[in-house]
Structures are given as C-alpha cells and as structure tokens.
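Reader: Could you take one salt bridge in this model and look at it closely, then work outward from it to the surroundings? Please give the cut-off behind each term as you go, since I would like to compare them with my own.

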Amino acid sequence: PGKVTLSLPRFTAVRDLLAPPGTETVRMQIATLSCKATSPCLVGSMHTTFADVPYTGEEQEARDIALPLTLQPGEIGLLILGLKYTVERAGNREVVAKTDWQPLDIIDAFYLPAK
C-alpha cells in the first residue's frame, strides 16, 4: 500500500523519442488504475498525472514522479503511459490529434496479494 513512483531515466528527447515534425513539447500522460483481481470491472482508484518535456537535443535529467495510487489487498495496479505532442502551426500551439501520433502502452502492472 502507498504511493507508486515512476522513475524516468536520463534521456535526450530528439534522439530517444520519435515525434511529428515541428514538435516543441512532449507531454507524458501517466495514468494509474487499480481494480480487484477477482473482478477487474470493480475499479478501486484512478489518477492521471502529466509531465512535460521540451523536445530538444538537451539531455533531460533522471527524475522520479510520485503517483497517488493506493492498492488494497487483492488489487491489481496498472501504470499506463501515453505521449502527446505540442507543435506550432501558423503561430498557434496545438496538440497533434492524428492517431498515428498517439502512442500508448501499459508500462507496468503489480499485484498486492490478499491477506
């Protein structure tokens, strides 16, 4: 029980992430979800946290992001990461909406055994 921490390693956005032309910022949308192992349709808690990263050639420092996910005994927790890209078009900033540029993946799952 308690908080889950996502540890991001050092990385350089333009080298390590593929993004649409004109990208200025990559927004990481980090979702956490818990549900009962015996009945996955019973959601315990759900939270979304955002972390913005400039899309540059500068190395980003490693960092930890605390996520407010509390697991109860007998629950499964999922950590899901999605990326969104901010580009400048005709002087306006907008989020790329093309589905080709909306990567999403379950990056971790864990189980707290029932007592």
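**A salt bridge and its setting**

Author: Glu24 is partly exposed, with a relative accessible area of 24%, where the scale calls a residue buried under 20% relative accessible area, exposed over 50%, and partly exposed in between, using a 1.4 Å probe and protein chains only. The model is a predicted one, in which local features need pLDDT of at least 70 and side-chain atom pairs count only at pLDDT 80 or more, while totals for chains, interfaces and linings use all residues. Residues are numbered from 1 along each chain as its sequence is written, and side-chain values use heavy atoms, with hydrogens and water left out.

The partner of Glu24 is Arg93, and the closest N and O atoms of this salt bridge are 2.9 Å apart; the term requires a side-chain nitrogen of Lys or Arg within 4 Å of a carboxyl oxygen of Asp or Glu. The pair connects distant parts of the chain, since Arg93 belongs to strand 8 (residues 92-95) and Glu24 to strand 3, 69 residues apart. Helices (H or I, at least four residues) and strands (E, at least two) are DSSP runs numbered from the N terminus. Arg93 has 61% relative accessibility and therefore counts as exposed.

Elsewhere, salt bridges that share partners join Arg10, Glu59 and Glu61 into one network. In total, the structure holds 7 salt bridges. Arg10 and Glu59 form one of them, with closest N and O atoms 2.8 Å apart. Arg10 sits in the loop between strand 1 and strand 2 (11-12), whereas Glu59 sits in strand 5 (residues 59-60), so this pair ties together parts that are 49 residues apart in sequence. Both ends are partly exposed, Arg10 at 48% relative accessibility and Glu59 with a relative accessible area of 42%. A further salt bridge joins Arg15 to Asp16, with 3.0 Å between the closest N and O atoms; here Arg15 counts as exposed at 59%, while Asp16 counts as partly exposed at 38%.

Returning to strand 3, which carries Glu24, one also finds Thr32 in this strand. At 2% relative accessibility, Thr32 counts as buried. Leaving aside residues up to four places away in sequence, Thr32 touches Ser45, Met46, His47, Leu67, Leu69, Leu78 and Leu79, contact meaning heavy atoms within 4.5 Å.

Strand 3 leads on to the interior. The largest nonpolar core has 22 residues, and those with the most contacts inside it are Leu6, Met28, Ile30, Ile65, Leu67 and Tyr85. Such a core is a set of buried Ala, Val, Leu, Ile, Met, Phe, Trp, Tyr and Cys residues joined through side-chain atoms within 4.5 Å. The elements giving two or more residues to this core are strand 1 (4-8), strand 3 (23-36), strand 4 (43-54), strand 6 (63-67) and strand 7 (75-89), and strand 7 gives the largest share, 5 residues. In soluble globular proteins, nonpolar side chains tend to be buried together. Among the contacts of Met28, not counting residues up to four places away in sequence, are Leu8, Phe11, Phe50, Val53, Leu81 and Leu83.

Met28 also appears in the lining of the largest pocket, together with Leu8, Pro9, Phe11, Asp16, Leu17, Leu81, Leu83, Pro103, Leu104, Asp105 and Ile107. On a 1 Å grid over the protein atoms alone, a pocket is an open set of points where a 1.4 Å probe fits, with protein on both sides within 12 Å along at least five of seven lines, and lining residues have an atom within 4 Å of a point. The largest share of this lining, 3 residues, comes from strand 9. Asp16, the salt-bridge partner of Arg15, is thus met again in this pocket lining.

For the chain as a whole, the secondary structure comes to 1 helix and 9 strands, and of the 115 residues 34% count as buried. Residues 24 or more positions apart account for 72% of the contacts with a separation of 6 or more.
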